[in-house]
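Reader: I have a structure open and would like to learn how to read its features one at a time. Could you take me through them, giving the general idea first and then the case at hand?

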Amino acid sequence: MIRSKSSYIKVFTDKTIRLVCFCLHIVIVFCLLTVTQPLFSQEGSADTNTGALTPKRVVSMNLCTDQLAMLLAGPGQLLSVSNLTLETEGSVMVEEAQKYKINYGLAEEVFLMKPDIILAGFYTTRSSIALLQRLGFRVEIFPLAHSFDDIRNNIKKMGNLLNRNERADELIRDFDNALANFKVDKTTPAPLAALYYANSYTSGSNTLANDIVTAAQFKNLSSHLNLKGFRRFPLELLIYNTPDLIVTSQKWSDAPALAQQSLQHPALVHLQKQSGLFPLADKYWICGTPFVTEAVRNLVSMREQLTKPRQP
Amino acid sequence: MRRHIDRFWWVVIGLTVTVVIFFFLSLLTGPAQISTVEALTALWTSENEAAQLVMLEIRLPRALLGVLVGASLGLAGAVLQGYLRNPLAEPGLLGISSTASLGAVIAIYTGLSAFFPPALPLLALLGAFVAVILVRLLAGANSHIMTLILAGIAVSSFANAMTALALNLSPNPFAALEIVFWLLGSLTDRSLSHVWLTLPFIITGWLLLSSLGRALDALSLGEDAASSLGISLTRVQFLAISGTALCVGAATAVCGVIGFIGLVVPHILRPLVGHKPSQLLLPSALGGASLLLAADVAVRVIAPEKDIKLGVLTALIGAPFFLWLVFKTRRQVL
């Protein structure tokens, strides 16, 4: 009885091991097939594309390149945009984005789309980008926009890549016209605006936010204090310098976090009795796109409200 | 005996002066260029409204919390070392701070503390309470030094993992980054409301812990000797556990985990005041307050705009000290 049981176990384990080996074998063969097959087809499609200047299968993996690409691409050129473009907090083009395939920034799904150009931002997952580059895809990384000039350059670069240079020139012209057409009363002295976001961060000189605030004829407190770039800004400095307007980012989530508690600090609440608090929608200035003119427009109307009561 | 008492009071006076000095240094340190005279007058008069706002709403709460939290950690460390008769006992190492931090995280990120502010210290206190009892149960009554530390490691790594999980599950994109605050602690931009929220708990905790002096002296002779001297062991246990939970829980709820103060301070002061546990309580509280205030001033002087967490600095002092202590006790025990 005992012997038969043990031999049964032995047979059983031998069988299981063989079965597992067989399954592994199949899995490995299957993996090899799926990995190599698209690689070959990729090489084929790359060959056909070298002659043509206009890319036909563009995949964008970054919120900012998504929006630039949607603004510039010709019909049928753009294949996929990232999932972030569907979120109303950060994206201006939610409706437009629904016309495209959505990717989640994973190398695997982008790989399967067989793109001829991949558009990525500076902060797009580096490991996915490195993997796609190693697989032989053409990845174009767009730098962060630190100024209006960077926006113009990124539009030009995108126009060039998509072979849509005329559309790019048109966009830049519209952008410059919009900026020139803001009617700001320059006779009143520029009010002092403080950029103050969750977690006590601010934008000093050499940032897009600084250009936006300055375009609306405000003085930016942070660059006034010689702070450079996106950096921490102690609450104390904000309170001590008593700005005319505090520009904050909008709330990203109703879920509580300490980051937003810095906006509820009693000292800041007290300061708001004198200074206005203006939550500026992130979607207009989180990316270097022509939509930053909307942010400028919002600030210009805020400036009018601020300076009106002082005029007799 | 007489000489010891004299020396005790000299130490207390010296430490009090240190606390006062660092308290004022803390008030005078900050990124806004407010002169000493301007800063001190702004505390009483409202000539310069901006300066007054900075002093009363930002710097004063920070300095006050430095005193409250530092003293709590120092006192709790001294009591735990006496009560557990273990030189390595400390709120941070025993996992009490970590579980308190977990309680605070649950209170804040579920939104509970937004509706009912006292939920923050209460849940932190509950977390601390659970940890003290758990460590006591895991390590047993007459525990070996290492058993106690191992129990503490188990409790704190579990609590830290749960804190990380709770923060990762929050839908708020900022929450996951805030794990640094909860694991390393900071006094940056706390407000007077935090002071009022924690003050009653901390004061009650101080009262409970400081009533333990005579019992701790008796306990240093062993539990049997102590009960033969008329000390009620259950009463001592209740006072030590709830006092520690109140102090450490409330402190951690507003400042995160600040490690090593409860370990380092009693050890530095023990040679100065003698080895009677009761003599160590008041000096440890004062020493804890000075050390935390000094660390908080240093954080602002070293890198004013970087917001270095306090736990980084206390670990820089505390970890080498702890290693030396482990080395020393190993030689004694083995």
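Author: Gladly. Let us start with helices: helices (H or I, at least four residues) and strands (E, at least two) are DSSP runs, numbered from the N terminus. This is a predicted model, in which local features need pLDDT of at least 70 and side-chain atom pairs count only at pLDDT 80 or more, while totals for chains, interfaces and linings use all residues. Residues are numbered from 1 along each chain as its sequence is written, chains are lettered from A and ligands numbered from 1 in the order in which they are written, and side-chain values use heavy atoms, with hydrogens and water left out.

Reader: Where do Glu170(A) and Arg167(A) lie relative to each other in helix 7 of chain A?

Author: Glu170(A) and Arg167(A) are 3 residues apart in helix 7 (residues 165–181) of chain A, which separates them by about one helical turn. They form a salt bridge, with the closest N and O atoms 3.7 Å apart. A salt bridge here is a side-chain nitrogen of Lys or Arg within 4 Å of a carboxyl oxygen of Asp or Glu.

Reader: How do I read the exposure of such a pair?

Author: Use relative accessible area: buried means under 20%, exposed over 50%, and partly exposed in between (1.4 Å probe, protein chains only). Glu170(A) is partly exposed at 34%, and Arg167(A) is partly exposed at 24%. Another pair, Arg138(A) and Glu140(A), forms a salt bridge with its closest N and O atoms 3.3 Å apart. There, Arg138(A) is partly exposed at 44%, whereas Glu140(A) counts as buried at 17%.

Reader: How many salt bridges does a search of the whole structure find?

Author: The search finds 12 over all chains. One of them joins Arg62(B) to Asp296(B), with the closest N and O atoms 2.9 Å apart. Arg62(B) lies in helix 3 of chain B and Asp296(B) in helix 14 (residues 277–302) of chain B, so the pair ties together parts that are 234 residues apart in sequence. Both partners, Arg62(B) and Asp296(B), are buried. Salt bridges can also share partners, as in the network of Asp149(A), Arg152(A) and Asp176(A).

Reader: What does the side chain of Ser284(B) reach?

Author: It helps to have the rule for polar contacts first: a pair of N or O atoms within 3.5 Å, where within protein one must be able to donate a hydrogen and the other to accept it, and residues adjacent in sequence count only if both atoms are side-chain atoms. Ser284(B) lies in helix 14 of chain B, and its side chain reaches the backbone oxygen of Leu280(B) at 2.8 Å. Ser284(B) is buried, with a relative accessible area of 0%. Contact means heavy atoms within 4.5 Å; leaving aside neighbours within four places in sequence, the residues in contact with Ser284(B) include Gly74(B), Ala78(B) and Val265(B).

Reader: Which residue caps the N-terminal end of helix 2 of chain A?

Author: That is Asn62(A), with a side-chain oxygen 2.7 Å from the backbone nitrogen of Cys64(A). Helix 2 (residues 63–72) of chain A is mostly covered, with 9 of its 10 residues buried. Among them are Leu63(A), Asp66(A) and Met70(A).

Reader: And how should I read a whole chain?

Author: Begin with its secondary structure: chain B has 15 helices and 0 strands. Its radius of gyration, taken over C-alpha atoms, is compared with a globule rule of 2.2 Å times the number of residues to the power 0.38. For chain B the value is 20 Å, close to the 20 Å that the rule gives for 334 residues, so chain B is as compact as a globular protein of that length. Buried residues make up 57% of the 334 residues in chain B.

Reader: Last, how many residues does each chain give to the contact between chain B and chain A?

Author: Chain B gives 37 residues and chain A gives 28. Buried area is the accessible area (1.4 Å probe) that two parts lose on being put together, summed over both. Here that area is about 2,600 Å², with carbon and sulfur atoms giving 64%. On the chain B side, Leu53(B), Phe174(B) and Glu305(B) lose the most area to chain A, together 22% of what that side buries. The rule finds 2 salt bridges across this interface, among them Asp307(B) with Arg232(A), whose closest N and O atoms are 3.6 Å apart.
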